[in-house]
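Hi,

Here is the structure I said I would pass on. Have a look at it, and then read on for what turned up around the cysteines.

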Amino acid sequence: MRHERPESFRRLYLAIVGGAAIVAAMGAVFTALLSSESLAAPTVAPNNVTEPRITGTPRVGQVLRTSRGTWTGTTPITYEFRWFRCDGRGAADASDCGRISNAADNTYVLRQADAGFRIRSQVVARNADGEDTATSNPTNVITAARPVNTTEPSISGTARVGSTLQANRGQWAGEQPITYTFVWLRCNDKGDDCSEIQGANDTTYEVRDADTGRTIRVRVIARNDRGSTSAISNPTGVVGSNQPPPGNGTVAVGDLRAAGDRLVVATVQFSPNPVTSRTAPITARVRVTARGGRPVSGAAVFMRATPRVVQGQTLQTGGDGWATLTLVPNRLFPQPRSGFNVQFFVKASKPGDPGLGGIAGYRLVQVRLAG
């Protein structure tokens, strides 16, 4: 006998079957999501494959453009651009170059301050998982339209009446050809209040009686088709007379003997002091004495930094026992920071004397840095 199921029972059965189907479908979706998640690629920080490259003409006023290079890593990746001014080629990561302020685009307009230097670009790539940095190769040396002085002029020779001073024009950048004019100046004993010496326009200058008690400087004027620029040297020591001083005066180094005589590096004066630039020349005035503190003329004074972060120089002392040296920093010169210093080795000797068993004197000195 057939029994009819109540309508309520039929409805309950359909609800149960339908719910099971929904649960099964949801389970399938959840399983698919888990499977998709497990197969997704891992996230990766940026990694440089091809370094940035600079294009453009390396001349003041021209536009340089850097590519960002080629990168791998999880997208999206953002890129930051930096520009550096390097003395020489600079380190591969530009760590010994100076970062250029207000330069954060992929293009850079060369400035007057860039003349004589090389430029590197740097790209920093970032995503949610990290960052990486890549640096370009350096450009050629940046030239300027008009001349730009990169190393100031200097004077060699003894500041004594009758002696001949030699001008070094320094180093310049700019469109070639460049011509140079020399103007010799007579200044007070501090190197200030200078006036031009009439008729003194050569690379050499013979010290005159009128220079006694004064200092000498030289101005170099560089010219090309785009304009002219001038630069001035540091002053010499105070010019001494060609007459031997009475009493306890100067002794010539040739009159000193190894038996009993010894040269003394009595005084070393730096300018500027403290040093605030890693590129500007440093002037060192050295006084050499012997025999009871008498100044020594004609002594060879050699000076260099330890370690060698400047170009060393050798000059002879004048009639007052002083020698003024110009020390030019190289690319290894440290960034000036307060509390630090640079040490220098100073040797005073008789020209031609090897120093072993001779009369040579030695001294270590240092100059303060500030930044």
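C86 is buried, at a relative accessible area of 0%; buried here means under 20% relative accessible area, exposed means over 50%, and partly exposed is in between (1.4 Å probe, protein chains only). Its partner in a disulfide is C97, with 2.1 Å from S to S, where a disulfide is a pair of cysteine sulfur atoms within 2.5 Å. C97 is buried as well, with a relative accessible area of 13%.

Before going further: this is a predicted model, where local features need pLDDT of at least 70, side-chain atom pairs count only at pLDDT 80 or more, and totals for chains, interfaces and linings use all residues. Residues are numbered from 1 along each chain as its sequence is written, and side-chain values use heavy atoms, leaving out hydrogens and water.

Back to that first link. The C86 and C97 bridge is right-handed, with 105 degrees about the S-S bond. C86 sits in strand β5 (residues 78–86) and C97 in the loop between β5 and β6 (98–99), so the disulfide ties together parts eleven residues apart in sequence. (Strands are DSSP runs of E, at least two residues, numbered from the N terminus.)

How many disulfides are there by this rule? The count is two. The other one joins C187 and C194, with the sulfur atoms 2.0 Å apart. Its S-S torsion is about 105 degrees, so this disulfide is right-handed. C187 is buried, with a relative accessible area of 0%, whereas C194 is partly exposed at 32%.

Counting bonded cysteines along the protein chain, the pattern is 1-2, 3-4.

Cheers

Note on methods
Helix = DSSP H or I, 4+ residues; strand = E, 2+ residues; numbered from the N terminus.
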